[in-house]
Amino acid sequence: MVFKSHMDEALAEARAAAERGEVPVGAVIVAPDGRVVASAGNRTRELNDPTAHAEILALRAACAEAGSERLPSHDLYVTLEPCAMCAAALASARIRRIYYGASDPKSGGVAHGARVFAHPQAHHKPEVYDGIAAEEAADLLRCFFASQRD
């Protein structure tokens with residue numbers, strides 16, 4: 001099987017989130033056959049829900065589609081390093097691989113901060129690949145936050 005990145009779809013979700021006034025983070029979950037089974041962008045403001053991160057929304061939809069709380073053969077593509085909350089949820093779901101774009105030194109929970117998967121208490125340690133379309137993902141975030149200050 002040939003590797004295909006689905007980061008373009010995640011970036012599209014991030015751009016749509018920005019257009020809604022949300023922090024531009026997008027996520028997609030891919031089944032073992034390569035189908036995108038769920039996609040989402042941040043909706044914390046729209047839903048008045050601090051847990052409505054792109055990863056959580058995509059995870060909920062993918063689990064519903066699979067009819068299971070576990071997705072051990074699924075992969076996540078997300079434009080920003082998952083925070084500790086999202087990383088813990090992804091571990092609980094047993095996501096196989098995480099591909100993320102921009103690093104998040106302030107609030108990340110994978111390579112920074114809590115480093116959820118490095119803890120002995122971690123339920124599951126997915127394979128993690130960082131830096132996928134990192135510059136484009138970081139640019140979306142920089143532009144969004146710059147527009148909020150103007």
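**Entry 1: the cover over helix α4**

I looked up what lies over the buried residues of α4 and found that the cover includes α3 (54-66), β3 and β4. The model I am reading is a predicted one. Helix α4 spans residues 84-93, and I listed its buried residues as Cys86, Ala87, Leu90, Ala91 and Ala93. Viewed down the axis of α4, these buried residues fall within an arc of 165°, so they line one face of the helix.

I then checked the two ends of this helix. Ala84 has its place in α4, and I recorded it as partly exposed, with a relative accessible area of 31%. Leaving aside neighbours within four places in sequence, I found Ala84 in contact with Ser107, Gly109, Ala114 and Val116. For a long-range distance I took Leu141, which is 57 residues from Ala84 along the chain; their C-alpha atoms are separated by 19 Å. Just after α4, I noted that Arg94 takes a positive phi of about 65°.

**Entry 2: His124**

Where does His124 lie? I placed His124 in the loop between β4 and β5. Setting aside neighbours within four places in sequence, I found that His124 is in contact with Ala91, Arg94, Ile95, Arg96 and Phe117. Of these contacts, Ala91 is one of the buried residues of α4, and Arg94 is the residue with positive phi just after that helix. His124 and Ile95 are 29 residues apart in sequence, and I read 8.3 Å between their C-alpha atoms.

**Entry 3: helix α1**

I turned next to α1, whose 13 residues reach 18 Å from the first C-alpha to the last, close to the 18 Å expected at 1.5 Å a residue. Which residues of α1 are buried? I listed Met7, Ala10, Leu11, Ala14 and Ala17. Seen down the axis of α1, the buried residues fall within an arc of 115°, so they line one face of the helix. Asp8 and Glu19 are exposed on the other side of α1. For the cover over the buried residues of α1, I noted that it includes β1 (26-30), β2 (36-41), β3 (75-80), β4 (97-102) and α5. After the helix comes Gly21, for which I recorded a positive phi near 85°.

I also examined Glu9, which lies in α1. Glu9 is partly exposed, with a relative accessible area of 30%. Not counting residues up to four places away in sequence, I found that Glu9 touches Lys4, Val28 and Val36. Glu9 and Ser39 are 30 residues apart in sequence, yet I read 7.9 Å between them in space, C-alpha to C-alpha.

**Entry 4: helix α5**

I compared the span of α5 with expectation: at 1.5 Å a residue its 16 residues should span 22 Å, and the end C-alpha atoms are 23 Å apart, which agrees. The buried residues of α5 are Ala137, Ala138, Leu140, Leu141 and Phe144. These buried residues cover an arc of only 155° around the axis, which puts them on the same side of α5. On the other side of α5, I found Glu135, Cys143 and Arg149 exposed. The cover over the buried residues of α5 includes α1, α2, β3 and β4.

**Entry 5: how α1 and α5 meet**

Two packed helices are described by the angle between their axes and the distance between the axes. I looked up both for α1 (residues 7-19) and α5 (residues 134-149): the axes come within 11 Å and cross at roughly 5°. Angles under 35 degrees count as roughly parallel, and α1 and α5 are therefore roughly parallel to each other. From α1, the contact is made by Leu11, Ala14, Arg15 and Ala18, and from α5 by Glu136, Ala137, Leu140 and Phe144. By class, I recorded six nonpolar, no polar and two charged residues in this contact.

**Entry 6: positive phi in two loops**

Most residues other than glycine have a negative phi. I therefore noted two loop residues with a positive value, Asn48 with phi near 50° and Ala133 with phi near 55°; the usual sign for residues other than glycine is negative. Asn48 is found in the loop between α2 (44-47) and α3, whereas Ala133 is found in the loop between β5 (127-129) and α5. Is Asn48 buried or exposed? At 70% relative accessibility, I counted Asn48 as exposed. Ala133 is partly exposed, with a relative accessible area of 32%.

Notes: Residues numbered from 1 in each chain as written. Predicted model: local features only at pLDDT ≥ 70, side-chain atom pairs only at ≥ 80, totals over all residues. Heavy atoms only, no water. Axes fitted to C-alpha atoms, helices over the stretch in contact; angles between N-to-C directions. Helix = DSSP H or I, 4+ residues; strand = E, 2+ residues; numbered from the N terminus. Parallel < 35°, antiparallel > 145°, perpendicular 65-115°, else oblique. Contact = heavy atoms within 4.5 Å. Nonpolar A, V, L, I, M, F, W, Y, C, P; charged D, E, K, R; others polar. Expected span 1.5 Å × (residues − 1). Buried < 20%, exposed > 50% of the residue type's maximum accessible area, 1.4 Å probe, protein only. Arc of directions from axis to C-beta.
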